[in-house]
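Got your viewer ready? Let's take a walk through this one together, one selection at a time.

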Amino acid sequence: MRRMKLRKQVTVCGGAIFCVAVFSLYLMLDRVQHDPARRQSSGNFPRSQISVLQNRIEQLEQLLEENHQIISHIKDSVMELTDTGAVSPSGHLPFRSANGSWVLPFDGRPTFLAVKPQDCQFAVGNRGQADVQMLDVYSLLKFDNPDGGVWKQGFDITYEPDEWDNEPLQVFVVPHSHNDPGWVKTFDKYFTDQTQHILNNMVVKLAEDPRRKFIWSEISFFSKWWETADIHKQEAVRKLILGGQLEIVTGGWVMTDEANVHYFAMIDQLIEGHQWLERNLGITPRSGWAVDPFGHSATMPYLLKRANLTSMLIQRVHYSIKKHFASTRSLEFMWRQAWDTGANTDIFCHMMPFYSYDVPHTCGPDPKICCQFDFKRLPGGRINCPWKVPPKTVVEANIAERAHLLLDQYRKKSKLYRSKVLLVPLGDDFRYDKALEWDQQYINYQKLFDYMNTHPEMHVQAQFGTLTDYFNAVYKAHSIPQGSRPPEYPVLSGDFFAYADREDHYWTGYFTSRPFYKSLDRVIESHLRGAEILYSLAVANARHAGMEGRYPVSDYALLVDARRSVGLFQHHDAITGTAKENVVIDYGTRLLRSLIGLKRVIINAAHFLVMKNKEFYRFYQTEPFLETVSENVDRPSVPALEKPGLKTMYVVLFNPVEQERLCAVTVLVNTVRVRILTEDGQTVPVQLSAQWSSASQMSAEVFEVKKRVFNKLSQHVGSTLHTALYHYAQTFYISSHIKRKDDPREVKVQMQFMVYGTRPSKDKSGAYLFLPDGKAKPYNQKEPPVVRVVEGPLFSEVVAHYQHFQQTIRIHNVPGVDGLSVEITTMVDIRDQTNKELAMRLVTDIQSGDVFYTDLNGFQMQPRRHYLKLPLQANFYPMPSQAYIQDSHHRLTLHTAQSLGVSSLESGQLEVIMDRRLMQDDNRGLGQGLKDNKKTANRFRLLLERRSTGNKMTDSGTTSFPSILSHMTDAVLNHEVLALPVLPKRRGIPPLQTFAPLKSLLPCDFHLLNMRSIQSQQDPHSPSPYTALILHRLGLDCGLEVQNLGFNCTTTQGQLNVSGLFKNLDLQLLQPMSLTLMHSSTPLANDSTISLDPMEISAFKLKLR
């Protein structure tokens, strides 16, 4: 099996986090000349090594004849490791004790867990009550779809003509242009063809009349335009913003997807946009605008609130929910986090009521009438009105009739809201790209406004406005400060998945579409976070040593490039998998270019940090000091050795997690004789495994070494390789009982593979929609799968090869986080299928009923219910990082390293859609099916936890939190240890030492989201002396019994002393900031203790040197 990727993580000596540690590998070669030039054919490989392997395999096959023996053997050896103090005959570890278990040197390693009882209160405490709880709305609604008349999905709206006599209707028409940074064209093509013209015309046309307004949201496009704009255009833009004619809304790099994105990237793209705005325009966005993401997450309002925005708008919400909210006049509400104990997280939110954000669906309930007021559709143009009544140019003769017709729509729409202030967006995708359209819309509307405003009997005040003009008018109408709750307005908590725009067309397919890129995205995010942190630490250490001039500070440009590529990919047609094939390739190319840059940043930082004597440090652009582990089987990461005898190689390991880790790490070698030492000469246990070139073919040239790293260790390594191959007569489902060593109860877990088809007629599944042809059918294939079992001291695994996927189940024999969950990797390849979706289903005897839990953006858990009243596809939800089911005894969590769609269709089940191949478009504008599938590795961890007996309280309906073990499992799955071999040097390798940046342990309920070097105000491609420290305090459920975590875990009630955190660095500034660094508070004393509430994300500006 080609397991090139570094699958296992490492902990290194000394309580170190983000530790960069050094190991040496001794490769002992048989004294046979090995000529690398002749490595192509395995025939030239030393015969002796092959025969050693063959003998071992033969011995093994005699030992393990029967499948059930192997499986039970793995259970014995891994699940029930004995902690007997048996002594090996030779004194060498690991060895097998009498009962067949492996004895390893660290089985008794003590660690402590000190979670303060107060830190457990949060999960069980009382919540601030919301008036509208989305879970309740779901149970209340019928989700029927009666014909509502002109407003198809709604109802007839009526009003009394005198309703506005005392307080006239205030109308704000907000012109906008929705620019997708890639969808059916690439980002650059859109820019060239449309976006640059929109912005060029904006500068000219807004200046023609101070009453004209416009809003813009995507900074990725705006910054590209700004760089090409001359000084006069730039000045004109500043003037338009200052004068309130142009408003930047949200101000993120993109208008992010909200289902598949991880909160690290949501925040990062928001910072990238806001930092650009601060540097170039000196402005801070006030209002959020999200008209196109396909469903809305509760994480977004929290992040916008933390970035100091006061109001927000959303659009794509299930039509039944829109109708319900419209009928109760709850379309405007305070959106509060489900876990908030007060009202700290409240943000004012406006939900658009109708089908779309285009002009026909924004002026009022009747699209046939509203379309007549989209003046781009005047006869003679390229687009017309599907309702067959075209717009008319406004002239003296028709103005009265036109104005009254439009006002009727405005009044009807206004009846759905609580205030006499009305928002009317005016725009669509890539609108206003021609000067003619600016004239058509602005001139005709201005005539209508002038008419309305000069006829007092109409009781209306209409004008162009920005989004914030509208929100400010609402606050003013209620006489309250910006962003506060208007009297009687409802408070809502929950989210808005899944989205359906009509009938049973649920947009739940895109939770999985193009999983290869969803997976790549997370790998690059982990590299970006690792690179940011190491770069910040390296530059601060270089400053401290007065060596700034010798460090490649210019690597900052590589970080900027990666931030922007990752930011771009968070766009709601990118990570969603809903762009055209050539656009997907463009995104992929950008991501890979960034990954190469990030590896360079990591290598350069690690090189500087592990030098024992910094005086010897030399940076050569052309001659890197380290390399990253090669993904290529033909080239082992520890290079082929030409001279016989003993050869030392050095490997630097980087642990990107903020806690100590005890785990196995893989490197590839080209000899079976390997010994690994820590930097102080202690031997590390290793397990040597074969590299598999096919299901049953071993590579004779490349071997995997798994090495285990931790604190105290002084024994010699014995390495063994046990492998057995089986062909199964019947379908081989991995079906077993998961039993934890310490738990008498076992939980049945069966893993099944299922296949969904799509509908035979009319509407079929596509990139967006999931429209299955009924329940899933079991996957089956004619030939039985090849099953391979590998067993050894550090890990044991079962690999099953099927025609369309290959499943690896691995158990780690390690105390701590790595050993407490089962690692599952499914390599999926469905390129020869048509209209099929492959699902992995876990069937257990957990009594979970119809309740399951999925995460939102890796930030928080959201309880879900399976409803029989909804179609099958409506019960799927996004799973960016985990999903779990539970009963009063157990919780079973499936952790994932990539976003996929998940559901629980029966009690005790969890199922994940792993890939989908669809041959047709689903009529949402893409114009393509999903046919560019790739071979994709989906990585999971399955964690079974026992709920403590005292925990018989009923589960809260609205909140749930992972355990500390679950949080750590998520961290190790998403942030693999990077192995960086030291390249051989002509002058020999200077002395290296482990770099451990932290002086004191970070409390284990703190997650260090990022340490981001802040850009210099002068040059965006070089850093300022400041670093943004972004911390998230995790919400913990302590009602799950904690095992030995393998590291020391303490909590501090949210207290942290930042100045005592970093070794060898002086803290010269500690300043609390808003999340995107635009608003600052008074700096704290450098030795202050900061304090975070559970679930809080906070940012600080540091100066370290």
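Which residues does tyrosine 410 touch, not counting residues up to four places away in sequence? Select Tyr410 and look around: you'll meet Leu169, Val171, Val173, Cys363, Leu422, Val424, Tyr445 and Met452. One thing to keep in mind on this tour is that the model is predicted.

**Zoom out to the core**

Tyr410 belongs to the largest nonpolar core, which has 247 residues. Along with Phe222, Phe325 and Phe496, Tyr410 ranks among those with the most contacts inside this core. Next, select helix α17, residues 581-610: this helix gives the most to the core, with 14 residues. Now colour domain 1 (132-250 + 285-496) and domain 2 (737-957); both give residues to the core, so it lies between them. Apart from this core lies another one, of 23 residues, including Ile215, Met255, Val474 and Tyr489. In soluble globular proteins, nonpolar side chains tend to be buried together.

**The whole chain**

Switch to a cartoon view. You're looking at 18 helices and 46 strands. The chain has 1105 residues, and 65% of them are buried. Take the contacts between residues at least 6 apart in sequence: 78% of these join residues at least 24 apart. If you turn on the surface, its accessible area comes to about 38,300 Å², with 51% belonging to carbon and sulfur atoms.

**Into the largest cavity**

How many cavities of 30 Å³ or more does the structure hold? There are 16, and the largest has about 420 Å³ of space. To find that one, select His262, Tyr263, Gly858, Asp970 and His1007, which are the closest to its centre among the 31 residues that line it. Then show α8 (263-280), α15 (515-544), β32 (860-865), α18 (964-974) and β40 (1006-1015), since each supplies at least two residues of the lining of the largest cavity. Helix α18 gives the most to that lining, with five residues.

**Asp428 and Phe430**

Go to strand β13, residues 421-429, where you'll find aspartate 428. Is Asp428 buried or exposed? Its relative accessibility is 16%, so aspartate 428 counts as buried, the cut-off being under 20%. Leaving aside neighbours within four places in sequence, Asp428 is in contact with His176, Ser177, His178, Tyr357, Asp358 and Arg377. Try a distance too: from Asp428 to serine 356 is 9.3 Å, C-alpha to C-alpha, although they are 72 residues apart in sequence.

Now step to phenylalanine 430, in the loop between β13 and α13 (435-453). Phe430 is buried, with a relative accessible area of 6%. Its phi is positive, about 50 degrees, although Phe430 is not a glycine. Most residues other than glycine have a negative phi, and most peptide bonds are trans.

**More backbone stops**

Select arginine 329, in the loop between α10 (319-327) and β11 (332-335). Arg329 also isn't a glycine, and has a positive phi of about 50 degrees. At 37% relative accessibility, Arg329 counts as partly exposed.

Then pick helix α14, residues 467-477, and show its buried residues: Leu467, Thr468, Tyr470, Phe471, Ala473, Val474 and Tyr475. After α14 comes serine 479, with a positive phi near 55 degrees.

For the last stop, select phenylalanine 497 and alanine 498. The peptide bond joining Phe497 and Ala498 is cis, with omega about -5 degrees. You'll find Ala498 in the loop between β15 (491-493) and α15.

Notes: Residues are numbered from 1 along each chain as its sequence is written. This is a predicted model: local features need pLDDT of at least 70, side-chain atom pairs count only at pLDDT 80 or more; totals for chains, interfaces and linings use all residues. Side-chain values use heavy atoms; hydrogens and water are left out. Helices (H or I, at least four residues) and strands (E, at least two) are DSSP runs, numbered from the N terminus. Buried means under 20% relative accessible area, exposed over 50%, partly exposed in between (1.4 Å probe, protein chains only). Contact means heavy atoms within 4.5 Å. Accessible areas come from the Shrake-Rupley method with a 1.4 Å probe; for residues, only the protein chains shown count as cover. A nonpolar core is a set of buried Ala, Val, Leu, Ile, Met, Phe, Trp, Tyr and Cys residues joined through side-chain atoms within 4.5 Å. Domain bounds come from an automatic or database domain assignment. On a 1 Å grid over the protein atoms alone, a cavity is a set of points where a 1.4 Å probe fits but cannot get out, and a pocket is an open set with protein on both sides within 12 Å along at least five of seven lines; lining residues have an atom within 4 Å of a point. Grid points are joined across faces, edges and corners, and a volume is the space filled by probe spheres set on the points.
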